[in-house]
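Biologist: I am new to this structure and would be grateful for a close look at a single part. Please take one sheet and describe what surrounds the strands within it.

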Amino acid sequence: MTMTLAEPPVAQQRQQTTSLHGTELIDRYGWMRDKGATEVTEYLEAENAYTRDAMRGTEALQQTLYEEILSHIKEDDVSVPYRDGAWEYLTRTEKGQQYARFCRRPVGELEAEVVILDVNALAVGRPFLQLGALSVSPDGRLLAFTTDNTGFRQYTLAVKDLETGEMLPDTAQRVGSLVWAPDSATLLYATEDEQTKRQDRVFRLAVGAMAEAEEVFHERDERFNVGVGRTRDREYLLLELGSHPTSETWFMRASEPSGAFQLLAERVDDEEYSVEHREGFFYIHTNHEAEQFRLMRATVLATEREHWEEILPERDDAPLEDVDLFRDFFVASYRERGLPVLRVFALGADGLAGNFRDIRFPDPAYEANGDVNRDFATAKYRYAYQSLVRPSSVFEYEVATGESMLLKQQEVPGGFDASRYASERLWFAAKDGTQVPVSVVYRRDGFKRDGSGPLYVYGYGSYGYALPLGFSASRLALLDRGVVVAYAHIRGGGELGDSWHDGGKMMKKRNTFTDFIEATEFLVREGYGDAKRVAIEGGSAGGLLMGAVVNMRPELFRVVLSHVPFVDVMNTMLDANLPLTVAEYEEWGNPNEADAFEYMRSYSPYDNLREGAYPGMLVKTSLNDSQVMYWEPAKYVAKLRTLKTNDTPLLLHVNMDAGHGGASGRYDYLKEIAFDDAFLLRELGVETAT
């Protein structure tokens, strides 16, 4: 029986005109910005009702997908404990509980474990709860943590006495990062500006003293955010300031937390640096006078750039992403052809780099990084590894011998067998000759490289962010139905260093979109998917990518999943009062400048919608999103409805109780994934697992 679908909501049109650089920008849906208005709420609820109606008939598939995904997740689980002082800390999840429980026990006393924070208890009666910062005082007595209960990423500070279980009266609003001083009585924390959500101030709080927190720093440059931290050896407290391409650090003796912060090296546009400390020297990870990053150092008595000496030179073929410094060694994290390599260097008596060994990995596409390493004087290094086909594992590396010991591999129940799946690392030449990597995973027994199967391509390509290539239990639902899953490592991301990011931002942003289109064409041409059954997905800046490539090549894609998409580029970037806008000028450009205005307008998805046929689309947002406001995707869908000429589905789903990341509870989040997959699989004509 054919179901009759209700008519989609029709949004009112009220023209607003912005004139700039001799151009008029027409926006007929700007009224949707009035979040508290009844008409806005009613419109969003009407969109949700239409989406529910359009998804009728998929309820059984959604439930099947949810149960499949859940069957591959160990619901009762515990993390690998890590030591910090006299305690071992671990995290537990329990069947039926949406959130984690944070626990600890005295070192060596397995039976003395206690819960220090149960997020489930904090979430009672709330549809959303997100834990932010979590830090135990050095003496182990106090726990400082922050929570957000709306999704707007506006965190409230709380302090718990772990000996009595009582909550202290100390609190603060809009808190970002925080750090304890060694006296376990002084807490430093950063707060954000109420309007723009930029972390711009740092306060010093005498915990339990019933005194008002003292402001110790205020960053006035609207491009910069400030955070607080400390060096691994706990000798120095740090203020770390950063815009997209520039950073600056201030330091203070941790043993003198009532003192003043001292500038390490003045900010220089387009130069970044971060620091660690060892035996009187700051070790500095920086791109100072370098195309890629290198490692330098300077004595704490003379920290200006002219005193910096090189420890590790930059490598053109392998960007240096990070450095973990310890008393007797350090670990340099490189990317070779876009994939992580961990290089462990001995430190000589002079504090310079000595012999090294590499930690390398077996899969063609993977993720590897340092895990929790709190002990500065350790002789072991803990790291995590996972791949598209291999579950997450935590290893401990013995520096003296070069041997790694597996501490835990994530259990994947439900009959998972890694040998059934295969991954590949591919490269193709973009039209300008640039070699672009693509990672692919599929189920062996269902894959034929003959262009007959469904293909899913994921992309992001912004902020220098490298797509993670980890294991996903939820991805198995697609793979087991014969879908080939691909990740396009397009320009604008960070897989190949700063130059890769620079090649897809500002006045080169269109490279991001053409790379993704060409990656899809390459995969189809090479037989990884059927040209008529291509699904694509992206979120946030990846949602911008979705909107741009659909405008450029709508016939190339069958179905689109677009999460919290940044699609109204011009109106957002012309409103300096919105969160993030001014800081984002260094990623996208400033449209108040004529050249940037024209370039950004040339790709802004909302401004480039045209009459014609479009692929099936599920656009998702959250009412309390602070990164990409809900009205961007709402306006985009409303406008597209007036221009779309074919009968493919165009759905908007608004989570009325969440923020940028969607549902906060783990079971709720899995249901969201099942909903998305049901839409995608229905449109691809694939619903049954093999």
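**The open sheet and its helices**

Modeller: Histidine 563 stands opposite lysine 620 in E38. This pair belongs to a predicted model, in which local features need pLDDT of at least 70 and side-chain atom pairs count only at pLDDT 80 or more, while totals for chains, interfaces and linings use all residues. Residues are numbered from 1 along each chain as its sequence is written, and side-chain values use heavy atoms, with hydrogens and water left out.

The wider setting of this pair is the junction of strand E37 (residues 559-563) with E38, where five bridges join two strands that run parallel. Helices (H or I, at least four residues) and strands (E, at least two) are DSSP runs, numbered from the N terminus; two strands pair if DSSP finds at least two bridges between them.

E37 and E38 take their places in an open sheet of eight strands, whose order is E32-E33-E35-E34-E36-E37-E38-E39 and whose pairing is mixed. Strand E32 (421-429) and E39 stand at the edges; each has a single partner strand, so one side of each lacks a neighbour in the sheet. From one strand to the next, the twist averages 15 degrees.

Two helices can be placed against this sheet. Helix H6 (residues 510-525) lies across E32, strand E33 (435-443), strand E34 (455-458), strand E35 (484-488) and strand E36 (534-539). The direction of H6 is at about 120 degrees to E32; axes are lines fitted to C-alpha atoms, for helices over the stretch in contact, and angles run from 0 to 180 degrees between N-to-C directions. Helix H11 lies across E38 and E39, and runs at about 160 degrees to E39.

H11 (residues 631-641) merits further attention, as the helix is mostly covered, with eleven of its eleven residues buried. Here buried means under 20% relative accessible area, with exposed over 50% and partly exposed in between (1.4 Å probe, protein chains only). Among the buried residues of H11 are Trp631, Tyr636, Val637 and Leu640; Glu632, Lys635, Lys639 and Arg641 are buried too. The cover over these residues includes strand E38 (616-622) and strand E39 (650-655). Contributions also come from strand E2 (23-27), helix H1 (38-54), helix H7 (541-552) and helix H8 (569-573). Contact, in this description, means heavy atoms within 4.5 Å.

To return to the starting point, E38 is thus joined to E37 by five bridges and has H11 lying across it.
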